[in-house]
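This report covers a charge over a ring, a helix pair with its aromatic contacts, and two loop residues.

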Amino acid sequence: MKSLFAKLPKVGQVRFATAPETYSHITRMHSEPVDVIVYLCNALNGEAAFRGLGEVKEGYSTALGDMYVIANPEASQSTFDKLEIIRARYLSGGITVDFGSPNTVGVQESKIKREYGTYSPDEEAIVFDRLEATLQAIEAVSSVAAQLIRSFVKVIIPLKTAAGRSSTSQPRIPGRVLIGGTERGSLAPHASSLVHEAMHQLLYTLEFGGTFITPHLDAGEARATSLWTGRDLPLHSFIHACFIWYGLSQFWGRPKAAEVFGSAFTEREFARCTAGYRNKNPVEMLLPNLGMVRYDVFKVANTLRDNLASVLTHGYHVQA
């Protein structure tokens with residue numbers, strides 16, 4: 001593995017080392033060493049093949065899922081071309097849109113509990129174009145938000161659902177976002193989802209330096225009531241929510257948002273995002289369990305409501 005990694009160009013090494021699946025598998029090295037080593041070897045071979053540095057074999061897949069190799073279903077015994085190389089497309093900025101690589105197996109283990117269909121090639125094209133259009137619309141509202149997405153989202157796995165829209169990401173697979181229902185409805189909800197998930201990715205990355213909730217014996221049982229939904233949340237989810245709703249308030253509070261996404265949706269979304277900040281500072285809900293929250297995280301979270309003072313006073317049409 002070391003020798004093959006060393007043969008890759010720097011860009012290939014970075015792609016492999018920072019891929020969401022690479023991190024996820026390495027964290028399971030002690031519990032599943034054989035499966036993890038097999039995956040990492042395969043991903044290195046896949047990256048080498050992607051770079052033209054090694055032979056192509058059935059089953060090879062890059063860690064980013066942007067190239068994988070399957071048996072050509074149309075090849076006969078007399079046909080030499082028995083392998084089919086499938087490549088993913090990239091959103092502007094290089095985000096892989098992965099519809100069917102081996103990395104998509106098991107996505108139902110996520111917190112989205114639904115039955116998924118399979119996109120046809122024509123449907124894949126539609127979903128890809130809508131994701132790209134959504135990213136461009138986000139760019140038109142806020143170049144910072146678009147850069148956040150391009151910096152912290154490495155792979156998007158679209159999910160075909162019977163109805164509705166959804167998105168999720170997980171700290172154990174940082175950089176990977178699952179998004180469902182992109183083919184339906186306006187672009188605005190999907191924009192909100194992408195900005196939302198990109199902020200989670202940033203927070204997950206910051207937590208590499210230490211989780212926001214301290215390893216207190218009772219931290220797993222402690223709860224705080226969301227001022228947005230009224231639900232009792234684990235402290236980790238609550239502190240993430242404070243930052244996510246703040247960031248979304250800033251995004252939907254920008255004057256350009258109504259122009260790009262329409263005033264009706266923008267006003268509703270802005271009201272929803274700022275709801276938890278209007279009557280009190282939401283971090284007050286953490287006070288009974290303050291010792292379980294990292295001090296620096298609480299200190300920053302405590303400033304968010306004041307930072308929104310202007311936009312809370314004047315409304316969504318005023319620059320945040």
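## Charge over a ring

R89 lies over the face of F128, at 3.7 Å from the ring centre; a charge sits over a ring if NZ of Lys or CZ of Arg is within 6 Å of the ring centre and within 35 degrees of the ring normal. This is a predicted model, in which local features need pLDDT of at least 70 and side-chain atom pairs count only at pLDDT 80 or more, while totals for chains, interfaces and linings use all residues. Residues are numbered from 1 along each chain as its sequence is written, and side-chain values use heavy atoms, with hydrogens and water left out.

## Helix 8 and helix 10

Helices (H or I, at least four residues) and strands (E, at least two) are DSSP runs, numbered from the N terminus. Helix 8 (residues 235-252) packs with helix 10 (residues 263-278) at an angle of about 145°, their axes being 9 Å apart. Axes are lines fitted to C-alpha atoms, for helices over the stretch in contact, and angles run from 0 to 180 degrees between N-to-C directions. On the helix 8 side the contact (heavy atoms within 4.5 Å) is made by C242, W245, Y246, L248, S249 and W252, and on the helix 10 side by F265, T266, E269, F270, R272, C273, T274 and Y277. By class, these residues are nine nonpolar, three polar and two charged; Ala, Val, Leu, Ile, Met, Phe, Trp, Tyr, Cys and Pro count as nonpolar, Asp, Glu, Lys and Arg as charged, and the others, Gly among them, as polar.

The structure holds ten aromatic pairs. Rings of Phe, Tyr and Trp (its six-membered ring) pair if their centres lie within 6.5 Å; planes under 30 degrees apart count as stacked, over 60 as edge-to-face and the rest as tilted. One of the pairs is W252 with F265, edge-to-face at 5.3 Å centre to centre and 65° between the planes. W252 lies in helix 8 and F265 in helix 10, so this pair ties together parts that are 13 residues apart in sequence. Both residues of the pair, W252 and F265, are buried (under 20% relative accessible area; exposed is over 50%, partly exposed in between, with a 1.4 Å probe and protein chains only). F251, W252, F261 and F265 form one aromatic cluster.

## Two loop residues

T104 is in the loop between strand 4 (95-97) and helix 5 (121-141), and V293 is in the loop between helix 10 and helix 11 (295-301). The contacts below do not count residues up to four places away in sequence.

| Residue | Relative accessibility | Contacts |
|---|---|---|
| T104 | 15%, buried | D98, F99, I157 |
| V293 | 6%, buried | F212, I213, T214, L286, F298 |

The C-alpha atoms of V293 and L235 are separated by 8.0 Å, with these positions 58 residues apart along the chain counted as their separation.
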